[in-house]
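Trainee: I have a new model on my screen and would like to walk through it with you. Could we start from the overall picture and then go residue by residue?

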Amino acid sequence: MRLFIHGLGYTAERLALQLAAEGWGIAGSTRDPAKAERFAGRGWNHFGRAEATHLLLSAPPQEAGDPFLPGFEAPPELLWAGYLSTTGVYGDRVGGWVDERSALLPTGRRGRRRVEAEAVWAARGLPLHLFRIAGIYGPGRNALQAVRTGRARRIIKQDQVFSRIHVDDIVAVLVASIMCPNPGRAYNLADDRPAPPAEVTEFACRLLGLPPPPAEPFETAVLPPMAASFYRDSKRVSNARIKAELGVRLRYPSYREGLQALYEAGEGRQA
């Protein structure tokens, strides 16, 4: 089996490491020189996309569209393709639940670009699976690190709630789909406990024995455009399909188990 990754991001690299350990061939593309060097150092990239049996599309679309569509030709032996999308395609539901049958109603430009990219890739005739992923956290990218480095903020917005998921649970879903392909299917990837972001920050502070940052009302908080866009939507994301169809049992069913495990592994102990 040979996996080709378009866009070696945080999640894609975790998947590649697991599959490489199981004997898969790994290759891919990245615009990041440091990631390209890691690829080479692991002995990856010994085959081209045309030789892939599995394909992962993990880079976000840009203003001009998806960066990998121009000139794209599907590998002739392709068995499975996955597109890493976002739950942002569902837009704002004022704290209500969404599942894979919910209408796609993105509220921002990034979400609209994702909806467009999903549709374009779905029309390419690939054995494609859509993975709509909630907020990702994991080693090196979590609330513990944000608190320890002083980057954490406690923004309070009435009735605001997000879904999130540990990167290792994302990898488990992707592997389960690879083992049991169902082309054309969409899957939501989220844990069991949607929660306000301030609640997650407070829990991280308790683990580290540090005082929480001051509460900031959203209405008066000065946020970068990217951060502000996350507060535009409030919804709870159902993960029932990955459990029922793929048999996935989340290792970290909520941010509590996820952050506890990261803390025990040493995350956030040092700035």
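Mentor: We can go from the whole chain to one helix and then to a handful of single residues, keeping in mind that this is a predicted model.

Trainee: Fine, so how many helices and strands does the chain have?

Mentor: The chain has nine helices and twelve strands, and its C-alpha atoms fill a box of roughly 55 × 40 × 35 Å when that box is taken along the principal axes.

Trainee: What radius of gyration does the chain have, and what would a compact globule have?

Mentor: The chain has 19 Å, and because a compact globule with 271 residues would have a radius of gyration near 18 Å, the two values agree.

Trainee: And what share of the residues counts as buried?

Mentor: Of the 271 residues, 51% count as buried. As for the surface, the chain exposes about 12800 Å², with carbon and sulfur atoms supplying 53% of that area.

Trainee: What about contacts, how much comes from residues 24 or more positions apart?

Mentor: Taking the contacts with a separation of 6 or more, residues 24 or more positions apart account for 82% of them.

Trainee: Charges next: how many positive and negative side chains are there, and how far apart do the centres of the two sets lie?

Mentor: There are 35 positive and 28 negative side chains, and the centres of these two sets lie 3 Å apart.

Trainee: Let's switch to helix α9. Which of its residues are buried?

Mentor: In α9, which spans residues 255–264, the buried residues are Tyr255, Gly258, Leu259 and Leu262. These residues cover an arc of only 90° around the axis, and therefore they sit on the same side of α9.

Trainee: What do those buried residues pack against?

Mentor: The buried residues of α9 pack against β7 (135–137), α4 (143–148), β9 (164–166) and α6 (197–208).

Trainee: Where does Arg269 come in, and what does it touch?

Mentor: Arg269 is in the segment after α9, and, not counting residues up to four places away in sequence, it touches Arg148, Tyr263 and Glu264. With a relative accessibility of 42%, Arg269 counts as partly exposed. Its C-alpha atom is 26 Å from that of Phe162, and the two residues are 107 residues apart in sequence.

Trainee: Is Ile170 buried or exposed?

Mentor: Ile170, which is found in helix α5 (residues 167–179), is buried, with a relative accessible area of 0%. Leaving out residues up to four places away in sequence, Ile170 touches Thr11, Ile133, Ile136, Ile165 and Leu189.

Trainee: How far apart are Ile170 and Thr11, in sequence and in space?

Mentor: They are 159 residues apart in sequence and 7.5 Å apart in space, C-alpha to C-alpha.

Trainee: Now the loops. What is Pro194 in contact with?

Mentor: Pro194 belongs to the loop between β10 (186–189) and α6. Once its neighbours within four places in sequence are set aside, Pro194 is in contact with Trp97, Val161, Phe162, Ser163, Arg164, Arg236 and Val237. Pro194 counts as buried because its relative accessibility is 15%, and the cut-off for buried is under 20%.

Trainee: How exposed is Gly48, and where is it found?

Mentor: Gly48 is found in the loop between α2 (33–41) and β3 (54–57), and it is partly exposed, with a relative accessible area of 30%. The C-alpha atoms of Gly48 and Asp169 are separated by 28 Å, the two residues being 121 residues apart along the chain.

Trainee: Backbone question: why would a positive phi be worth a second look in a residue other than glycine?

Mentor: Because most residues other than glycine have a negative phi. In this model, Val94 has a positive phi of about 50° although it is not a glycine, and Asp159 likewise has a positive phi, of about 65°.

Trainee: Where are those two, and are they buried or exposed?

Mentor: Val94 lies in the loop between β4 (80–86) and β5 (97–98) and counts as exposed at 72% relative accessibility. Asp159 is in the loop between β8 (154–156) and β9, and is exposed as well, with a relative accessible area of 60%.

Note on methods:
Residues are numbered from 1 along each chain as its sequence is written. This is a predicted model: local features need pLDDT of at least 70, side-chain atom pairs count only at pLDDT 80 or more; totals for chains, interfaces and linings use all residues. Side-chain values use heavy atoms; hydrogens and water are left out. Helices (H or I, at least four residues) and strands (E, at least two) are DSSP runs, numbered from the N terminus. The radius of gyration is taken over C-alpha atoms; the globule rule is 2.2 Å times the number of residues to the power 0.38. Buried means under 20% relative accessible area, exposed over 50%, partly exposed in between (1.4 Å probe, protein chains only). Contact means heavy atoms within 4.5 Å. Accessible areas come from the Shrake-Rupley method with a 1.4 Å probe; for residues, only the protein chains shown count as cover. Lys and Arg count as positive and Asp and Glu as negative; His and the chain ends are not counted. The place of a charge is taken as NZ of Lys, CZ of Arg, CG of Asp or CD of Glu. The arc is that of the directions from the helix axis to the C-beta atoms.
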